[in-house]
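Hello,

I am passing on the structure we talked about, with my notes underneath. Have a look at it first, then read on.

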Amino acid sequence: MYDKYLSRISYATSSMRYRNAIALILPIFLLISVINLAQISQDPSFTQNNAIFKEEKLVLGASPVSKKVIHDGVISPGEYNDKILIDATNNFYIYYALNGSTIYIAMVADALGWISIGIGYSSKMQDADIIIGYVDGTGAHVQDNFGTGTISHQADAVQNILSWGGSENSTTTIIEFSRYLDTGDAAEDTVIQLDTPINLIWAVSGADDFTSYHSARGYATATFTTWAPSPPFNLKANPGDSQVTLTWEAAVDGGSAITQYTVYQATTQGGPYSQVTTTAGDVLTATITGLTNAQTYYFVVTATNAKGESQYSNEASATPSGTVTEPLNVVATAGSWHVNLTWDPPTSDGGSPITQYNVYRSESSGGPYDKIGTSTTTSYQDTTVTNGITYYYVITAENAFQEGGYSNEVSATPKGPSPPVTGLSGYLSPNDSMIINWTAPITDGGYPITEYRVYRSETSGGPYTFIGSNDSALGFEDTSVVLLTTYYYVVTAINSAGESSYSEELKVRAAKVPFKPENVTVVTGYGFANLTWDEPYDNGFPIYAYYVYRAESSNGPFFVIGSTNKTFYLDQTVSNAETYYYRITAINEQGESSFSDTVTAVIGSVPGKPDTLEATPHDGMVSLSWTIPDIDGGFPITKYNIYRSVNTGDNFTLYMNTNMTAINDTDVTNGVLYYYVVTAVNDRGEGPQSPVAFARPGRAPTPPLNVSIEFSDGKIVLTWEKPTDTSNYPLIEYRIYRSQYTNESFVYIGSATSTRFVDTNVIHNVQYYYAVTATTAMGESNFSEVKEIYTATVPTPPTNLVGYAWGNNITLIWGEPAFDGGSPVTHYNIYRKVGNETEFTLIANTTELTFLDTNLTIKTNYTYVVTCVNSIGESAYSNELTIYVETSHPPGYVDLQKKENTEILKQAFFTASFFLAAGIVVGTFILFRRMSR
């Protein structure tokens, strides 16, 4: 970017070829810069306050920002203080807003790659604080860079962009960001001085990255001007007694500290407003007192800084109101089936007329109370009561703005005739009389019940005829029935206040209907209720069916849901977690029996089993997780029971429970095998066990022991002993790590399942370091003791030691060793035994492959061996060579003979070696040529 194209040519290398390229490109670069500066200089202020960006008109310059900056890639009206045109060709604008120590900037340019600005350059890119950004399919990307002037710009060590966003359409890229005016990072970021001209450099590209070349660039000068603040945000008004408390959010200060907030007030919406108070610039609340209760007031707030006063905030209104006190002198008067309430108005209406009174009731003293009605007068009649039950009342008063507190509590017990009796049933007895039974009413109406009266009709709904009564018994025998006639019965209760209303009507046929079914039971499960009962007495006529009745309330109504000729019935039309009530009747040709006793069924079952249980071992812990059962039994699962067994897959005991589907068992010992099962529990009970899961907690093994290392035949052989602790996990493999030249930066080179490893990929004359680890299912151990080795040994012996005697001298010749041990041979040692000596004696060393032993004793055997020496040490002996010294020669003969014979011997030796190297098997031979004086 910026000078990247130049920098990649002129700074990437110091070669003369690239340096010369600067002379070609720099004039072009300067020409582009001049053109851009010429375009910018057409508008000396660098602003166009009446500009239109795309098709959205912006209100800028004359008006302070009216809302906070949001980095959403959209330049909204009132979001920024001003905009600056820095390049007309690319429509490159900078929008900015100021708040405290933060500046908000939006870069907008006609480019579909990265766009950027550099703030405060001194020369080219030198010292520029560069912000570069682009938008791709994953969102906006922004980076804080700095320019050094001699190389490409680089990312700041500290990224000082506080927040950012961006967007891109078919022609334009928008990058929004914020930073502090002074980041405190002076080495990489420019301190932006407000109201002071500052140098800018800009560039754009067609690529979505931070590294591609710019397609256009240039320079500009801009001034970030401070402004009057924005209006305060989110003004709220909370009414009190003759006062209103205002709160608001701080205004955007426009780059100049806010010195005060001014509160304005009006009694009509929209003003005109008058100033009522001010606060300091860091105070965001005010309480306006001395107001008139029930009068609505409208408020706005402005912010002021050194540049001036902001526009009005949003308008907030409130109506002060005093406290509404509780109603006085509440009186409750009970009647039959009603309670009359009266009271006096409260002492204070809070400054606003009382609009209504609220009536609250409870069946317990002190509540909790339920609101049962309202009244605009100071009386209320409660007709939703039941005689004989005590009720407790409180009253509140309410105006247009608030509700007052509870009045004193009063109670009343309405008295009068009792409620109706319930639960009528009937059947024809063996002596052909009708037996009618019922249940007492829920209350006696406030007076003891003295009598029950039975009425009968042959038409449903009456009219009914009184047929008899009893005192307190809950049954009646009607002896005046006619067989095969259907009767309709109702019953009333009598107390001193009068007679109750009729009970629910009972329909009974005077026939030899069966007795009612007895011992009805119900077993529920997931989505079903299974009913069974005992077969009743058929009264002389065979039972051919049973009717099954069901209700969703214990008091009915009951409806037939099915029939059967068996003494059981499966109801699968139920919903889980719902409660149902069942009754059974028996049917014969005479008719239908009375209802059986009611049985209650709560539908659902215990949960299913968690299908998947996983146990994961860790060091000192086993992590358990499981799946929620497919079937919850119709009731929410309340907990899971975790069962555990040690070292066996049975004999599980309850270990703990949880309402989660995962736990960590930390009460374990490494190396011990633990087995687990999990069950789910709901309101119906505990479900079946999950599959068994097991885990052996442990840690990674300890390192291998006693590592030894050896170099031989160009290979390095490592051996070691097993680790002492594997947490009872079998060893999977050993891993071998190596470092070259240094005891760090180890690299994995292979593995072994035994305690031996051969490294054949080595280089001679190199220092290697080795470490070994052990692995189990619990992980990899730490390094073993690090061992080091140098890939060199003593050389092999010299080859093909040969020689000859001439006069009292012996010449020796030998070949280089087959292997120098990985380290160059430095010299050769010559050893000799004379005559019958048993030990060799070092007599000389040489760097040559030949040696002359002189002044020897004639008529004597001399035996030789040769060794070679490198930096590691000395080789073994070469082959032994014994030579007999037979005669001597006069002076002057030796040098010629020595020279000639030695050269001949060398020639023969190396000729033989050549043929051997070529793969031709030849015998060892020595070629002599005699010379005479």
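A residue is called buried here when its relative accessible area is under 20%, exposed when that value is over 50%, and partly exposed in between. Please keep in mind that this is a predicted model.

With that cut-off in hand, strand S12 (197-204) is a good place to begin. Six of the eight residues in S12 are buried, so the strand is largely enclosed by the rest of the structure. Which strands pair with S12? One is S6, which runs antiparallel to S12 and is joined to it by five bridges. Within that pairing, isoleucine 117 has tryptophan 202 of S12 as its bridge partner. Another is S13, which pairs with S12 in the antiparallel sense over eight bridges. There, isoleucine 201 stands opposite tyrosine 219 of S13.

Next, the nonpolar cores. In soluble globular proteins, nonpolar side chains tend to be buried together. The largest nonpolar core in this model has 32 residues, and the members that touch the most others are Ile86, Phe92, Ile105, Met107, Ile117 and Phe224. Several strands give two or more residues to this core, among them S3 (82-87), S4 (92-99), S5 (102-109), S6 (115-119), S12 (197-204) and S13 (216-223). A second core, separate from that one, has 18 residues, including Leu235, Phe299, Val301 and Ala318.

On to the aromatic rings. A pair of rings is described by the distance of the centres and the angle of the planes. The count comes to 33 aromatic pairs. One of them is formed by tyrosine 93 and tyrosine 95: the ring centres are 6.4 Å apart and the planes stand at 45°, so the pair is tilted. Are these two tyrosines buried or exposed? Tyrosine 93 is buried, with a relative accessible area of 10%, and tyrosine 95 is buried too, at 0%. Tyrosine 93 also has a charge over its ring: the charged end of lysine 83 sits there, 4.5 Å from the ring centre. A similar arrangement involves arginine 696, whose charged end sits over the ring of tyrosine 729, 6.0 Å from its centre. Elsewhere, ring pairs link Tyr455, Tyr464, Phe466 and Tyr502 into a cluster.

There is also a small sheet to look at: an open one of three strands, in the order S14-S15-S18, with antiparallel pairing. Strands S14 (233-239) and S18 (285-288) stand at its edges with a single partner strand each, so one side of each has no neighbour in the sheet. From one strand to the next, the twist averages 15°. S15, residues 244-249, pairs with S18 in the antiparallel sense over four bridges. Valine 244 has isoleucine 288 in S18 as its bridge partner.

Finally, some backbone details in the loops. Most residues other than glycine have a negative phi, and most peptide bonds are trans. Where are the exceptions I noted?

- The peptide bond from glycine 367 to proline 368 is cis, with omega near 5°. Proline 368 lies in the loop between strand S24 (354-362) and strand S25 (370-375).
- The bond from glycine 462 to proline 463 is also cis, with omega near 5°. Proline 463 is found in the loop between strand S31 (451-457) and strand S32 (465-470).
- Aspartate 195 is not a glycine, yet its phi is positive, at about 60°. This residue belongs to the loop between S11 and S12, and it is partly exposed, with a relative accessible area of 38%.
- Alanine 294 has a positive phi as well, near 75°. Alanine 294 is in the loop between S18 and strand S19 (297-305) and counts as partly exposed at 34% relative accessibility.

One more loop residue is threonine 726, between strand S54 (715-721) and strand S55 (733-740). Threonine 726 counts as buried, at 18% relative accessibility. Leaving aside residues up to four places away in sequence, threonine 726 touches Pro701, Leu731 and Thr776.

Happy browsing, and best wishes

Definitions and conventions. Residues are numbered from 1 along each chain as its sequence is written. This is a predicted model: local features need pLDDT of at least 70, side-chain atom pairs count only at pLDDT 80 or more; totals for chains, interfaces and linings use all residues. Side-chain values use heavy atoms; hydrogens and water are left out. Rings of Phe, Tyr and Trp (its six-membered ring) pair if their centres lie within 6.5 Å; planes under 30 degrees apart count as stacked, over 60 as edge-to-face and the rest as tilted. Buried means under 20% relative accessible area, exposed over 50%, partly exposed in between (1.4 Å probe, protein chains only). A charge sits over a ring if NZ of Lys or CZ of Arg is within 6 Å of the ring centre and within 35 degrees of the ring normal. Two strands pair if DSSP finds at least two bridges between them. Axes are lines fitted to C-alpha atoms, for helices over the stretch in contact, and angles run from 0 to 180 degrees between N-to-C directions. A nonpolar core is a set of buried Ala, Val, Leu, Ile, Met, Phe, Trp, Tyr and Cys residues joined through side-chain atoms within 4.5 Å. Contact means heavy atoms within 4.5 Å.
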